[in-house]
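Student: I would like a close look at a single part of this model, namely the charged side chains that pair with one another. Please take me through them in one connected account, with the cut-offs stated as you go.

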Amino acid sequence: MSDDPHDHLLLQIRGAVAEYERTLIAERMRRGRLA
């Protein structure tokens with residue numbers, strides 16, 4: 001990765017999406033255990 005602002009933006013977006021998916025999976029697993 002370089003110091004290019006575009007690269008930095010993509011990295012941040014990818015991190016945010018990964019965090020969101022992790023939250024979704026955790027929520028699904030929690031519901032699955034309750035069911």
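Tutor: What follows goes through the salt bridges one after another and then turns to a nonpolar patch on the surface.

The model is predicted, so local features are reported at pLDDT of at least 70 and side-chain atom pairs at pLDDT 80 or more, while totals for chains, interfaces and linings use all residues. Residues are numbered from 1 along each chain as its sequence is written, and side-chain values use heavy atoms, with hydrogens and water left out.

The structure contains three salt bridges, a salt bridge being a side-chain nitrogen of Lys or Arg within 4 Å of a carboxyl oxygen of Asp or Glu. One of them joins R22 to E19, with an N to O distance of 3.0 Å. These two residues are three apart in helix α1, which covers residues 5-34, and therefore about one helical turn separates R22 from E19; helices here are DSSP runs (H or I, at least four residues), numbered from the N terminus. E19 has a relative accessible area of 44% and is partly exposed, where buried means under 20%, exposed means over 50% and partly exposed lies in between, with a 1.4 Å probe and protein chains only.

Further along, E27 takes part in a network of salt bridges that links it with R30 and R31. Towards R30, the closest N and O atoms are 2.7 Å apart, and both residues lie in helix α1 at a separation of three residues, about one turn of the helix. Towards R31, the N to O distance is 3.5 Å, and this pair, also in helix α1, is four residues apart, again about one turn. As for accessibility, E27 is partly exposed at 29% and R30 is partly exposed at 42%, whereas R31, at 55%, is exposed.

Apart from these charged pairs, L9, L10, I13 and V17 make a nonpolar surface patch of about 320 Å². Patch members have over 30% relative accessible area and no salt bridge, like charges being joined within 9 Å and nonpolar side chains (Val, Leu, Ile, Met, Phe, Trp, Tyr) within 5 Å; accessible areas come from the Shrake-Rupley method with a 1.4 Å probe, and for residues only the protein chains shown count as cover. Of the patch residues, V17 is found in helix α1, and V17 counts as partly exposed at 40% relative accessibility.
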